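Work through the exercises below with the sequence and the model open beside you. Each task is followed by a solution that goes step by step.

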Amino acid sequence: MPEIPFPIPNDPFPNPDDPLDAVRRWILRETQAAVERKVRDTVNDLTWALERRLPDVGSCNLSTSLFEITLDEVLIEFSSDILEAGHQHNIDARAIAGAIAWEYEENKRGRWSDYLQYYLGRVLDIFTEDPPLPLGEGIGWGSIHTERARLLHPTATNLELQCLRLEAASAIEMIGAIMGQASQDYFTLSGGIWIGNAPPILALFFHTGDGLLKESAAKRRLDPCKPGQTVELDTSQDTMATWVKSNLDRFIQFSTRPEPPTTCYASVTVK
């Protein structure tokens, strides 16, 4: 099982003026490792209780979930899924890889909450059919929220929605679909601004939702659209978007070069 994040302070930068710096840093690392081992043992015990003692409890195939594999493994083993989602939804697939990576590396408290949401859902399934999802927050690869997942899979049960977001292939497709829809909506609402080839902007609206997308599109609406226009969009208001912008070179292998609109459109530059 991969490292489970826990709210312990990160290892500080070396302090050459402190003669005990190396010892202090070693103690901090060992303490964090010990706590994380304890959390993993607790999760394993709970898994055993649910799956062995309570075999009727619904469960996902967790073999491709962030409970079982790492970010690096997902980016390697599911690279073709990421590229296919980019092609299918006509967006630069670097945005998909970037969103997954940010949620995994930077939103560690959110990753920890996935364990709570998943196992609470399975416990509640003992007492009621298709229980309401605990917390209703983002879960799985890309940390897709329940309300967005429901729009993509309206007939799925609540527990099936969790599985779709935890399993890598289906989560990747959902992220691509959300970003593809955002690109289409922004183009329509803005009167021709195309963001499909701008990963930081796709990450911005994936992370912040439809409210900001509509506000931004209305503010910058082209009247009329003139061929060759360029519009500058700002990512500074969102941590995922700014991180994706700074880390694009990490995901160069996922560049899919989406096809621009055949009608009048304005391209974007990212601030």
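In this predicted model, residues 24 or more positions apart account for 75% of the contacts in the chain with a separation of 6 or more.

**Exercise 1. Describe the order of the helices and strands along the chain, and state what share of the residues is buried.**

Solution. Begin with the count, which gives 11 helices and 2 strands in the chain. Next, read the elements from the N terminus on, and the order comes out as α-α-α-α-α-α-α-α-α-α-β-α-β. Finally, turn to burial: of the 271 residues in the chain, 45% are buried.

**Exercise 2. Find the two disulfides and say which parts of the chain each one links.**

Solution. The structure holds 2 disulfides, and with the bonded cysteines counted along the chain they follow the pattern 1-2, 3-4.

Step one takes the pair C60 and C163, whose sulfur atoms are 2.0 Å apart. The angle about the S-S bond is -90°, and the link of C60 and C163 is left-handed. Because C60 sits in the loop between α1 (21-53) and α2 (71-77) while C163 belongs to helix α7 (residues 158-166), this disulfide ties together parts that are 103 residues apart in sequence.

Step two takes C225 and C264, which are joined with an S to S distance of 2.2 Å. Here too the link is left-handed, with -90° about the S-S bond. The pair connects distant parts of the chain, since C225 is in the loop between α10 (210-219) and β1 (230-233) and C264 is in the loop between α11 (239-246) and β2 (267-270), 39 residues apart.

**Exercise 3. Decide whether C60 and C264 are buried, partly exposed or exposed, and describe the surroundings of C60.**

Solution. The cut-off needed here is that a residue under 20% relative accessible area is buried and one over 50% is exposed. C60 has 9% relative accessibility and therefore counts as buried, and its partner C163 is buried as well. C264, at 29% relative accessibility, therefore counts as partly exposed.

For the surroundings, set aside the neighbours of C60 within four places in sequence; C60 is then in contact with Y118, R122, L159, Q162, C163, L166 and E167. Among these, Y118 is 58 residues from C60 in sequence, yet the two are 9.2 Å apart in space, C-alpha to C-alpha.

**Exercise 4. Characterise the packing of α4 against α9, and say how far α9 is enclosed.**

Solution. Two packed helices are described by the angle between their axes and the distance between the axes. For helix α4 (residues 94-105) and helix α9 (residues 199-208), the angle is about 50° and the axes are 9 Å apart, which means that α4 is oblique to α9. The crossing of α4 and α9 is right-handed.

Now list the residues that meet: α4 supplies R94, A95, A99, W102 and E103, and α9 supplies P199, L202, F206 and H207. Sorted by class, the contact of α4 with α9 has 6 nonpolar, 1 polar and 2 charged residues.

The last step looks at α9 itself. Its buried residues are P199, P200, I201, L202, A203, L204, F205 and F206. Because 8 of the 10 residues of α9 are buried, α9 is largely enclosed by the rest of the structure. Just after α9 comes G209, with a positive phi of about 95°.

Key
Residues numbered from 1 in each chain as written. Predicted model: local features only at pLDDT ≥ 70, side-chain atom pairs only at ≥ 80, totals over all residues. Heavy atoms only, no water. Axes fitted to C-alpha atoms, helices over the stretch in contact; angles between N-to-C directions. Helix = DSSP H or I, 4+ residues; strand = E, 2+ residues; numbered from the N terminus. Parallel < 35°, antiparallel > 145°, perpendicular 65-115°, else oblique. Left-handed = near helix turned anticlockwise from the far one by under 90°. Contact = heavy atoms within 4.5 Å. Nonpolar A, V, L, I, M, F, W, Y, C, P; charged D, E, K, R; others polar. Disulfide = S-S within 2.5 Å. Buried < 20%, exposed > 50% of the residue type's maximum accessible area, 1.4 Å probe, protein only.
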